[in-house]
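Hello,

Here is the structure I promised to pass on to you. Please open it next to this email, and then read on for what turned up in it.

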Amino acid sequence: MINITVWGEGRHEKTNEVVKSIYPDGMHTVIAKGLEEDADFKVTTAFLDQDDEHGLSEELLANTDVLTWWGHCAHGDVKDEIVARVHKRVLEGMGLIVLHSGHYSKIFKKLMGTSCSLTWREAGEKERLWVCNPAHPITQGIDKYFEIPHTEMYGEPFGVPAADEQIFISWFEGGEVFRSGLTYYRGNGKVFYFRPGHETYPIYFDENVKLVLKNAVKWAKSDYTWNDACPNVPIDQAPEPITRQGEGLHLDGDDGFK
Ligand code: ZN
């Protein structure tokens, strides 16, 4: 069983009639339903205005194997302390799937350390996502490419570090290309950025998109945890005896060097 938390900003669904008509119960609800098609997934949803922790309590995150993140217009409303909480869990080994406009979320920018900016256009054009790595777990069951008939365009340059693996590259009807599926290893955590998911089209109902997300969850789950404590190893516990010890050591109770 994989414990998944699907996090959604949940603001557009309340203010924009088009988004509301496609996702009346919230985008996160539809993303969660797609994942729940897999009997081995236990899915919880959380959203920005749920409570003063954006629905992401310490307890929930401690029990989350993989977190998915969709945000767009309210990245700045996500509290830094919650971002730090999610960041710590990623380094320990929680998987993170960052969706579409989540490229500008605080958590993604913190994990990347770069601007995460890109080129964009809203023209309702076609996107073709080419599989770059057919042997990768995330692309299993996907053909050479798949298409989304109408979407927003994201183009290069994409201000992210070189990916550990490139999974998809997108071509758009207007001619641009974009690195639309990228993996990163951060600490013990696996991070997958996946571009599709513009809110004014029913993209999270798409069978290929749903399959990629299911595959990505399985890939991102870690069986191990790394609780980083920066431990000191005393001299008498070193694996080998240290016979030529220098003098520049901290003394017990002394802040300075000798
Ligand atoms: Zn968008």
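The chain has seven helices and nine strands; these are DSSP runs (H or I of at least four residues for helices, E of at least two for strands), numbered from the N terminus. Please keep in mind that this is a predicted model, where local features need pLDDT of at least 70, side-chain atom pairs count only at pLDDT 80 or more, and totals for chains, interfaces and linings use all residues. Residues are numbered from 1 along each chain as its sequence is written, and side-chain values use heavy atoms, with hydrogens and water left out.

The predictor's confidence in each residue is the pLDDT, from 0 to 100. Its average over the chain is 95, and 97% of the residues score at least 70. Confidence is lowest in helix α1 (residues 12-15), with a mean of 94, and highest in β4, at 99.

As for overall form, the C-alpha trace spans about 70 × 40 × 35 Å along its principal axes. Of the 258 residues, 47% count as buried, meaning under 20% relative accessible area (over 50% is exposed, in between is partly exposed; 1.4 Å probe, protein chains only). A contact means heavy atoms within 4.5 Å. Among contacts with a separation of 6 or more, 70% are between residues 24 or more positions apart.

Now to the metal. Which residues coordinate the zinc ion? They are H100 (through NE2), E152 (OE) and H198 (ND1), at 2.0 to 2.1 Å. Donors here are N, O and S atoms within 2.8 Å of the metal (3.2 Å for Na, K and Ca); water is not among the atoms, so sites may look incomplete. Along the chain the donors follow the spacing H-x51-E-x45-H. H100 sits in the loop between β4 and α6 and H198 in the loop between β9 and α7, so the pair ties together parts that are 98 residues apart in sequence. H100 is buried, with a relative accessible area of 1%, and H198 is buried too, at 2%.

Next, look at helix α7. Its 14 residues should span 20 Å at 1.5 Å a residue, and its end C-alpha atoms are indeed 20 Å apart; the expected span is 1.5 Å times one less than the number of residues. Ten of the 14 residues are buried, so α7 is largely enclosed by the rest of the structure. Among those buried residues are V209, L213 and W219. At the N-terminal end, D206 caps α7, with a side-chain oxygen 2.8 Å from the backbone nitrogen of N208.

Finally, the interior. A nonpolar core is a set of buried Ala, Val, Leu, Ile, Met, Phe, Trp, Tyr and Cys residues joined through side-chain atoms within 4.5 Å. The largest one has 36 residues, and L35, F146, F168, F192, F194, Y204 and L213 touch the most other members. Helix α7 (residues 207-220) gives the largest share of this core, seven residues. A second, separate core of 32 residues includes M94, V98, C116 and F172. Not counting residues up to four places away in sequence, Y204 touches several others, including W70, H100 and L213.

One last residue to find is I167, in strand β7 (residues 165-172). I167 is buried, with a relative accessible area of 0%.

Enjoy exploring!

Technical notes:
A polar contact is a pair of N or O atoms within 3.5 Å; within protein, one must be able to donate a hydrogen and the other to accept it, and residues adjacent in sequence count only if both atoms are side-chain atoms.
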